[in-house]
Amino acid sequence: MDSQKRSKQRRERIDIIAAWSRTGILAERQRLLIEDQFAERVARAGSRFFIPLPLTHSDDLWYNTQVSFLLEALDALPRRPDIAFDSAWKVLEKSAHAWLPARPGRGPNITDALGLLSADPRLSHSVTEALLANIPSQTCGYLFKRLITREPAESSGRALQRLSNSYGRGDTLPAEIAAFLALVEKKYAAPDFDTARRGAALLRRALTGETLDIAGTQVTLSFPARLRILLSGLLYTSRNERYHGESFSPFYSSAASIKTYTHPHYLFLAAYALVHLLWAHSGHPYAPTLDAVEENTTTNLHEARTLYARHWTA
């Protein structure tokens, strides 16, 4: 986008607030061009966009608190999948804490909880494999920047630190992930746009579990390593950047496109599916079945890929 168009969109953001300052915010604001394009795409596709998993009634207070945030997430769709992810993350964080046995004095923090979850064999399931097999290219580009080219530096450093943490004796995942990232970084050091695109595509293949030849070295990431990258490298990093205001609100950016929507949409789908996968293993009366979670996850990934078409993978 040239500087003139970028300046125009910056002015539009200011004008929206200026108009509301005269009328109050009950008046519907003028949509930005990308918002109109996205709404038209959803309408033209006849898309269901997202299908929630039916929930079981329960008077359990903890459960109903989490349901309230799931409803908050659904209220943000389809226009704001980024906000839907924020709400779904709250439920994932609480569910991750509840999953692990309590320790005397205090429970694990969320960094520890996600690290421990990634090594739990109960999460080795077709739900998580489906999530890892359907990561959009925009999300892989995000991961490439955070884990390989290390930008922005502060957020990247925290993500790499989380992936280097060891959770218990015999945890070999940090070494496995570090060796893989070192190979990718060596092959795609100082990338231009085309090299970064190819590097992101390689990450996408690695996260599916494909065996890769990287500069003569055969590499196949184990399932726990791939899940740890998803949980601690992608979802938690994205959550932190949004929570601390370190990333631009995506759909108000002058660089936003239809492809921009694929990244937060995927983050929401992943968080939502993982919540229900954890619940399915919880043994509580309100827990969904594993088969229902798998079917729902597959359906929603299909809806997303159909809606975005080439923008998901290009």
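What covers the buried residues of H6? Among the elements doing that job are H10, H11, helix H12 (258–280) and helix H13 (290–308). The residues being covered are Val127, Thr128, Ala130, Leu131 and Leu132, the buried set of H6. Keep in mind as you look around that this is a predicted model.

Let's follow H10 next, since H10 is one of the elements over H6. This helix takes in residues 193–207, and its geometry is easy to check: at 1.5 Å a residue, its 15 residues should span 21 Å, and the end C-alpha atoms are indeed 21 Å apart, so the two values agree. Which residues of H10 are buried? They are Thr195, Gly199, Ala200, Leu202, Leu203, Ala206 and Leu207. These buried residues cover an arc of only 155 degrees around the axis, so they sit on the same side of H10. The background here is helix periodicity: an α-helix has 3.6 residues a turn, so residues three or four places apart point the same way.

And what does that buried set pack against? The partners are helix H6 (126–133), helix H7 (137–147), helix H9 (173–187), strand E1 (212–214) and helix H11 (223–243). The ends of H10 are worth a look too. At the N-terminal end, Asp192 acts as the cap, with a side-chain oxygen 3.3 Å from the backbone nitrogen of Asp194. Just after H10, Gly209 takes a positive phi of about 95 degrees.

Now over to H11, one of the elements that the buried residues of H10 pack against. Helix H11 holds Glu241. Is Glu241 buried or exposed? With a relative accessible area of 3%, Glu241 falls under the 20% cut-off, so this residue is buried. Leaving aside residues up to four places away in sequence, Glu241 touches Tyr142, Arg146, Pro152, Ser155, Glu246 and Ser247.

Tyr142 turns up again at the largest pocket, which has a volume of about 1200 Å³. The lining of this pocket has 34 residues, and Gln138, Gly141, Tyr142, Lys145 and His263 lie nearest the centre. The elements giving two or more residues to that lining are H7, H10, H11 and H12. H7 gives the most, with eight residues.

Finally, the enclosed spaces. A search of the whole structure turns up four cavities of 30 Å³ or more. The largest cavity has a volume of about 60 Å³, and its lining is made of Arg31, Glu35, Phe38, Arg79, Arg80, Phe251 and Tyr261.

Conventions. Residues numbered from 1 in each chain as written. Predicted model: local features only at pLDDT ≥ 70, side-chain atom pairs only at ≥ 80, totals over all residues. Heavy atoms only, no water. Helix = DSSP H or I, 4+ residues; strand = E, 2+ residues; numbered from the N terminus. Expected span 1.5 Å × (residues − 1). Buried < 20%, exposed > 50% of the residue type's maximum accessible area, 1.4 Å probe, protein only. Arc of directions from axis to C-beta. Contact = heavy atoms within 4.5 Å. Polar contact = N/O pair within 3.5 Å; in protein donor to acceptor, adjacent residues only side chain to side chain. 1 Å grid on protein atoms, 1.4 Å probe; cavity = no way out; pocket = protein on both sides within 12 Å on 5 of 7 lines; lining within 4 Å. Points joined across faces, edges and corners; volume = space filled by probe spheres on them.
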